[in-house]
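Open the model in your viewer and keep the selection tool at hand. Each stop below says what to select and what is there.

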Amino acid sequence: MTDNLFILDRDSSESLQLQIRRQFVAAILGGTLPSGAAVPSSRKLATQLGVSRITVTQAYQALIDDGFLSSKERSRISVSDRLTLPLEEHRTKEDKNTPEPIRANKSQFANKTYTQSSTKY
């Protein structure tokens with residue numbers, strides 16, 4: 001599952017932990033890791049990536065704190081099923097065919113004078 005998911009750049013100024021976190025977030029939001037999917041143990045992922053276990057453990061903890069992963073006592077860590085995706089992800093096929101509402105640019109109205117109508121209804 002994660003064999004080709006993570007590519008770490010050891011020459012990057014970004015820490016290995018942060019690289020792991022960013023790649024997990026991208027995989028979750030991109031749908032590669034669906035809600036409820038189990039992630040490898042910290043020991044297994046650390047071995048696969050050739051990093052220390054504490055690096056993976058800290059990355060997992062940060063992802064749990066951010067709500068991307070969930071952990072139950074004495075259970076595996078998995079992708080959170082409470083993750084709130086951006087609005088675009090929740091739109092149905094029918095909604096995607098509906099055009100977005102037109103948003104007015106306030107500069108269009110900047111030099112106009114508007115008066116209250118005296119018409120009674």
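How many aromatic pairs does a search of the whole structure find? Two. The model is a predicted one, so colour by confidence before trusting side chains.

**Stop 1: the aromatic rings**

Select F6 and F24. Their ring centres are 4.7 Å apart and their planes meet at 50 degrees, so this pair is tilted. The pair links distant parts of the chain: F6 is in the segment before helix 1, F24 is in helix 1, and 18 residues separate them. F6 is buried, at a relative accessible area of 6%. F24 is buried too, at 0%.

Keep F24 and add Y60. Here the ring centres lie 5.6 Å apart with the planes at 75 degrees, so the pair is edge-to-face. F24 belongs to helix 1 and Y60 to helix 3, so the pair ties together parts 36 residues apart in sequence. Y60 counts as buried, because its relative accessibility of 3% is under the 20% cut-off. Show the three side chains together: ring pairs link F6, F24 and Y60 into a cluster.

**Stop 2: helix 1**

Select residues 16–29, which form helix 1. Its 14 residues should span 20 Å at 1.5 Å a residue, and the end C-alpha atoms are indeed 20 Å apart. Now pick out the buried residues: Q17, Q19, I20, Q23, F24, A27 and I28. Why do they share a side of helix 1? They cover an arc of only 165 degrees around the axis, which puts them on the same side. These buried residues pack against helix 2, helix 3, strand 1 and strand 2. Move past the end of the helix to G31, which follows helix 1 and has a positive phi, near 90 degrees.

**Stop 3: the nonpolar core**

Which residues touch the most other members of the largest nonpolar core? Select I20, F24, Y60 and L69. The core has 22 residues. Helix 1, helix 2, helix 3 and strand 2 each supply at least two of its residues. In soluble globular proteins, nonpolar side chains tend to be buried together.

Centre on I20. Leaving aside neighbours within four places in sequence, I20 is in contact with F6, L8, L49, V51, T55, V56 and A59.

**Stop 4: helix 3**

Select residues 53–65, which make up helix 3. This helix has 13 residues and reaches 18 Å from its first C-alpha to its last, close to the 18 Å expected at 1.5 Å a residue. Its buried residues are T55, V56, A59, Y60, A62 and L63. They cover an arc of only 160 degrees around the axis, which puts them on the same side of helix 3. Turn the helix over: I54 and D65 are exposed on the other side.

What do the buried residues of helix 3 pack against? Display helix 1 (16–29), helix 2 (42–49), strand 1 (69–71) and strand 2 (77–79).

Zoom in on L63, which lies in helix 3. L63 counts as buried, at 1% relative accessibility. Draw a distance from its C-alpha to that of F24: the value is 8.3 Å, although the two residues are 39 apart along the chain. Beyond neighbours within four places in sequence, L63 is in contact with R21, F24, V25, F68 and L69. Step on to G67, which follows helix 3 and has a positive phi, near 90 degrees.

**Stop 5: strand 2**

Select S78, which sits in strand 2. Is S78 buried or exposed? S78 is buried, with a relative accessible area of 16%. Apart from neighbours within four places in sequence, S78 is in contact with G36, A37, A38, V39, F68, L69 and S70.

**Stop 6: confidence**

Colour the whole chain by pLDDT. The mean is 77, and 65% of the residues reach 70 or more. Select residues 101–110: pLDDT is below 50 there, and this stretch has two contacts in the model beyond near neighbours in sequence. Then select residues 112–117. Their pLDDT stays under 50, and the model has one contact for them beyond four places in sequence.

Note on methods:
Residues are numbered from 1 along each chain as its sequence is written. This is a predicted model: local features need pLDDT of at least 70, side-chain atom pairs count only at pLDDT 80 or more; totals for chains, interfaces and linings use all residues. Side-chain values use heavy atoms; hydrogens and water are left out. pLDDT is the predictor's confidence in each residue, from 0 to 100. Contact means heavy atoms within 4.5 Å. Helices (H or I, at least four residues) and strands (E, at least two) are DSSP runs, numbered from the N terminus. The expected span of a helix is 1.5 Å times one less than its number of residues. Buried means under 20% relative accessible area, exposed over 50%, partly exposed in between (1.4 Å probe, protein chains only). The arc is that of the directions from the helix axis to the C-beta atoms. A nonpolar core is a set of buried Ala, Val, Leu, Ile, Met, Phe, Trp, Tyr and Cys residues joined through side-chain atoms within 4.5 Å. Rings of Phe, Tyr and Trp (its six-membered ring) pair if their centres lie within 6.5 Å; planes under 30 degrees apart count as stacked, over 60 as edge-to-face and the rest as tilted.
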